[in-house]
Amino acid sequence: DWSSDVCSSDLEPHPIEVEPPKPVELPPPSVEKKPSFLARLDERWQERQQKIQINREEAAFERAFADQDAEEEEDSEPVGKVLPMLPADLAAMAGFRHLPPRPTSREGKPLKKLAIAALVLLLAMPLGLLFYPYDMYRADIEQRLSAVLQDTVKIGKVDVSFAPLPYITLHEVAVGAQPYATATAVRLLPEFGSLFDDRKILREVRVAGLNLLDRAIVPVGRWFPADPAGRLTIRRLTFDDVSWTLGALRGEGWRGEVQLGDQGELTGIQLHNADGKGRAEFKPAREGLQVHLTFSDWTPPFREQLQFASLAMDGLAAPQGVRFDKIDGAAIDGRLEGSGALAWDNGLALSAQLVFRHVEMSRLMAALGSTSVIVGPVSGNLKLSSRGGSVGRLFDQLSTAGTFEASAGTLKHLGLVESLQGSNRTGSTRFEKLAGEFSIGPEGTRLEKLQLTSGALRAGGRLELST
């Protein structure tokens, strides 16, 4: 018996050691990464290329069937004419071929979409250019102009027009922290290619409604410094409707042009009035502006009796006034030469020293606001001085003094021969020579230290003429 050989100890149960199950490590859930911008762009590019390839294949397919249709239409043309209503089964029994249906073309759809897109683009571009917010570049333009004009520049508004040529308009431009120069509008006509370059080129700059104060005289001389780098090139700069205010003096209706050197530096400013009879040229100077004024066939508005065939004045303008070192004019049938000054910082003050030659004495006195008893050409010198709050008052308060010498003239309202004869008649005296001193003021005219020669008659004395 095999069971007798088994020990009882062997029949006892033994514990079974079971290893605990090991945890299963699962891989982390994968996070789907969004493709990058370049990847999406490449994917769209590939899709676009596939669509283009499909369109090309469909176009080739269409052309192939179009040729086949043309051949079969030629073969079946007699049938269509003879048996226009022939059924398909009878046509087959008769031996005529049944044409397959013509495939529908989808080639026109992309072309139609492309045409619509082009039309929308053509319509959108002008609207986009028209309503684009160009005013957002105002700060940059102000900064560039401030560098050119060497002072603070403020612009009210910026807009762009495209007819007849593209140009930029700056509205309500003011120069200076306390503006001394303002303009209603500044129109910039750029070279189109320079808009995409660091070096800007302006074909034309037109300033309209420019108003200058006396405080502008010194700063204007610093405008447009030399720019060797050529960051801004202005081909032409013009002014329309320039007005100026110098103390109590006012002027308007002037036009002109700015002259720039090879490096863009200011070399001169030329202005002329509405009728072209008055011209002014200014050049930068250390203390202000050098001034050269010329007038032709000109009558001052404040003194109609003073008519100049020509007048030229050279001097220096400062914020307080202008000093003329040279005055040369042809007026009253003679010539005037000398120097003078006009101040406007405290009212108006005028002073001048002139030498006149062969001037008609009666007309000279009328121009100076007096009557004259002397008729004929005279030569001499005079000093002018006046002060007033306006131009009209300036000439009403004019005081004149000087010396004169006349030859071959007439002394009106004074007949020396009649006076010596005791006659009460008022006559006149012709003379070969008359010299003396004169003074003209608000109180009247005085002729003093007179020396008269009339034939054998010699006379001297003084005359007073009340206004």
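Helices here are DSSP runs of H or I with at least four residues, numbered from the N terminus. By that rule, residues 391-396 form helix α8, and F395 sits in it. Welcome to a predicted model of a protein with nine helices and 21 strands. Below is a short tour of its confidence, its interior, its cavity and a few residues worth a look on screen.

**Confidence and overall make-up**

- The mean pLDDT of the protein is 79, with 72% of the residues at 70 or more.
- Residues 1-11 have pLDDT below 50, and this stretch makes two contacts in the model beyond near neighbours in sequence.
- Another such stretch is residues 77-88, where pLDDT stays under 50 and the model shows six contacts beyond four places in sequence.
- Where pLDDT is low, please do not read the predicted coordinates in detail.
- The protein has 467 residues, and 31% of them count as buried.
- Among contacts with a separation of 6 or more, 44% join residues 24 or more positions apart.

**The nonpolar core**

- In soluble globular proteins, nonpolar side chains tend to be buried together.
- Here the largest nonpolar core holds 82 residues, and F239, F356, I374 and F404 have the most contacts inside it.
- F356 is a good place to start looking: not counting residues up to four places away in sequence, F356 touches R335, L336, L364, V378, S379, G380, N381, L382, T403, F404 and F438.
- F404, itself one of the residues with the most contacts inside the core, is thus also among the residues that F356 touches.

**The cavity**

- How many cavities of 30 Å³ or more are there? The count comes to one.
- The volume of the largest cavity is about 300 Å³.
- Its lining is made up of 22 residues, and L145, L149, V186, V207 and F224 lie nearest the centre of the cavity.
- Two or more lining residues come from each of α5 (138-149), β2 (167-175), β3 (181-190), β4 (200-208), β6 (232-234) and β7 (237-246).
- Strand β3 gives the largest share of the lining, with five residues.
- What is the chemical character of the lining? It divides into 21 nonpolar residues, one polar residue and no charged residues.

**F395 in helix α8**

- F395 counts as buried because its relative accessibility is 17%, and the cut-off for buried is under 20%.
- Leaving aside neighbours within four places in sequence, F395 is in contact with F302, R303, L350 and S386.
- F302 lies 93 residues from F395 along the chain, yet their C-alpha atoms are separated by 7.8 Å.

**S399 and T400 in strand β18**

- S399 belongs to strand β18, which spans residues 399-411, and T400 is found in β18 too.
- Is S399 buried or partly exposed? With a relative accessible area of 30%, S399 is partly exposed.
- T400, in contrast, is buried, with a relative accessible area of 4%.
- Beyond neighbours within four places in sequence, S399 contacts K383, L384, S385, I440 and P442.
- T400 touches L368, L382, K383, L384, F438, S439 and I440, again not counting residues up to four places away in sequence.
- K383, L384 and I440 therefore appear in the contacts of S399 and in those of T400, with contact meaning heavy atoms within 4.5 Å.
- S399 and S351 are 48 residues apart in sequence, with a C-alpha to C-alpha distance of 9.6 Å.

Conventions. Residues are numbered from 1 along each chain as its sequence is written. This is a predicted model: local features need pLDDT of at least 70, side-chain atom pairs count only at pLDDT 80 or more; totals for chains, interfaces and linings use all residues. Side-chain values use heavy atoms; hydrogens and water are left out. pLDDT is the predictor's confidence in each residue, from 0 to 100. Buried means under 20% relative accessible area, exposed over 50%, partly exposed in between (1.4 Å probe, protein chains only). A nonpolar core is a set of buried Ala, Val, Leu, Ile, Met, Phe, Trp, Tyr and Cys residues joined through side-chain atoms within 4.5 Å. On a 1 Å grid over the protein atoms alone, a cavity is a set of points where a 1.4 Å probe fits but cannot get out, and a pocket is an open set with protein on both sides within 12 Å along at least five of seven lines; lining residues have an atom within 4 Å of a point. Grid points are joined across faces, edges and corners, and a volume is the space filled by probe spheres set on the points. Ala, Val, Leu, Ile, Met, Phe, Trp, Tyr, Cys and Pro count as nonpolar, Asp, Glu, Lys and Arg as charged, and the others, Gly among them, as polar.
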